[in-house]
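The exercises below are meant to be worked with the coordinates open, each task being followed by a solution in steps. Please attempt each task before reading on.

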Amino acid sequence: MTDNTTGPGRRSFGIDVGGSGIKGGIVDLDTGELVGERFKVLTPQPATPEAVAQGIADVVAHFDWSGSVGITLPAVVAGGVARTAANIDHGWIGTDVYELFRRHLGDRPLSVLNDADAAGMAESRYGQASNEVDGVVIFLTLGTGIGSAILYHGQLLPNTELGHLEVRGKEAEHRASSKVKEDHGWSYEKWAEKLSEVLRTYEALFSPALFIAGGGISRKSHKWIPLLSNDTPVVPATLLNTAGIVGAAMAVDVDLRV
């Protein structure tokens, strides 16, 4: 059984649950890099708590990992309870996630948190741009919706859900997610105009020093970041599809319970 959680090269284990896949891997906490390859299983359909928990157990078993496990969910997690459910079964709402995962993973250190929060934490610690920022950093995942994480000097304000903030009477993610761009067939110029309006709203509320843009569309950031007209600098995420796994591993390392 593998467990290397103390001393040089400290390691932890992260699981990132999404609507289509459950991804996991061993994380070197000193570098933020995966140790070996990640492993993925398909998210069961329907994605009920018991079915997803079994998928998570299968990923952990693949690595023969006996140590701590951090888990992200596409949900608000507060007081150890899932309060929302996005792209997973609504049966998650009201679920005691620690009780659920201990039944499937045994008595070991666990942490469960929102997926965007986990990715934001990882970018804040290991990303290229944010390490030297003195101020508020807002990490945004631009995908089907808009996920968010607000950090100040590496400290997380959990479960912010800025994608649901209204901008001129419509939720931000209904104005400027990458899915909205695809659905409307917008050019990058048109989409950048909509996204800039959303970012200016966030600026007025939080006065951030930096936005970090994640999600699949961040891979083409050179096509749209220069078109933005808001004031705060925007940089693409650097950890890409490992950010959730890394953030989950970080969260259990500091025993973060949100």
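**Exercise 1.** In this predicted model, determine which residues of helix α6 are buried, and describe the length of α6 and the residue that follows α6.

*Solution.* Begin with accessibility, taking under 20% relative accessible area as the cut-off for a buried residue. The buried residues of α6 are Tyr-188, Trp-191, Ala-192, Lys-194, Leu-195, Ser-196, Glu-197, Val-198, Leu-199, Tyr-202 and Glu-203. Next, consider the length: α6 has 19 residues, and the distance from its first C-alpha to its last is 26 Å, close to the 27 Å expected at 1.5 Å a residue. Finally, look just past the helix, where Ser-207 follows α6 with a positive phi near 45 degrees.

**Exercise 2.** Find the salt-bridge partner of Glu-197, and state where both residues lie in the chain.

*Solution.* The side chain of Glu-197 meets that of Arg-168 in a salt bridge, with an N to O distance of 2.4 Å. This pair links distant parts of the chain, since Glu-197 belongs to helix α6 (residues 188-206) whereas Arg-168 sits in the loop between β12 (166-167) and β13 (170-171), 29 residues apart. To compare their surroundings, note that Arg-168 counts as exposed at 58% relative accessibility, while Glu-197 counts as buried at 15%. Elsewhere, salt bridges with shared partners join Glu-50, Glu-99 and Arg-103 into one network.

**Exercise 3.** How many salt bridges does a search of the whole structure find, and what does the one between Asp-253 and Arg-10 tie together?

*Solution.* The search of the whole structure finds six salt bridges. In the one formed by Asp-253 and Arg-10, the closest N and O atoms are 3.0 Å apart. Asp-253 lies in helix α7 and Arg-10 in the segment before β1 (11-17), so this pair ties together parts that are 243 residues apart in sequence. Asp-253 is partly exposed, its relative accessible area being 31%, and Arg-10 is also partly exposed, at 23%.

**Exercise 4.** Describe the setting of Lys-23, beginning with its secondary structure and ending with its contacts.

*Solution.* Lys-23 is placed in strand β2 (residues 21-28). With a relative accessible area of 17%, Lys-23 is buried, and its side chain meets that of Asp-16 in a salt bridge (3.7 Å, N to O). Asp-16 likewise counts as buried, at 11% relative accessibility. Leaving aside residues up to four places away in sequence, Lys-23 touches Gly-14, Ile-15, Asp-16, Arg-38, Phe-39, Lys-40, Asn-241 and Ile-245.

**Exercise 5.** Characterise the packing of helix α3 against helix α7 by axis distance and crossing angle, and then list the residues that make the contact.

*Solution.* Two packed helices are described by the angle between their axes and the distance between the axes. The axes of α3 (residues 115-126) and α7 (residues 243-253) come within 7 Å and cross at roughly 85 degrees. Angles of 65 to 115 degrees count as roughly perpendicular, which makes α3 roughly perpendicular to α7. From α3 the contact is made by Ala-118, Ala-119, Met-121, Ala-122, Arg-125 and Tyr-126, and from α7 by Ala-243, Gly-244, Val-246, Gly-247, Ala-248, Met-250 and Ala-251. Sorted by class, the contact comprises ten nonpolar, two polar and one charged residues.

**Exercise 6.** Examine helix α1 for its span and its buried residues, and then identify the backbone features at Pro-46, Asp-64 and Leu-240.

*Solution.* Start with the helix: α1 has 14 residues and reaches 20 Å from its first C-alpha to its last, close to the 20 Å expected at 1.5 Å a residue. Its buried residues are Pro-49, Val-52, Ala-53, Gly-55, Ile-56, Ala-57, Val-59 and Val-60, and what covers them includes β1, β2, β4, β5 and α2 (97-105).

Turn next to the loop between β4 (39-42) and α1 (49-62), where Pro-46 lies; a cis peptide bond, with omega about 0 degrees, joins Gln-45 and Pro-46.

After α1 comes Asp-64, with a positive phi near 55 degrees. Asp-64 is placed in the loop between α1 and β5 (69-73) and is partly exposed, with a relative accessible area of 38%.

Lastly, Leu-240 has a positive phi of about 50 degrees although it is not a glycine. Leu-240 is found in the loop between β15 (234-236) and α7, and is partly exposed at 44% relative accessible area.

Key: Residues numbered from 1 in each chain as written. Predicted model: local features only at pLDDT ≥ 70, side-chain atom pairs only at ≥ 80, totals over all residues. Heavy atoms only, no water. Axes fitted to C-alpha atoms, helices over the stretch in contact; angles between N-to-C directions. Helix = DSSP H or I, 4+ residues; strand = E, 2+ residues; numbered from the N terminus. Parallel < 35°, antiparallel > 145°, perpendicular 65-115°, else oblique. Contact = heavy atoms within 4.5 Å. Nonpolar A, V, L, I, M, F, W, Y, C, P; charged D, E, K, R; others polar. Salt bridge = Lys/Arg side-chain N within 4 Å of Asp/Glu carboxyl O. Buried < 20%, exposed > 50% of the residue type's maximum accessible area, 1.4 Å probe, protein only. Expected span 1.5 Å × (residues − 1).
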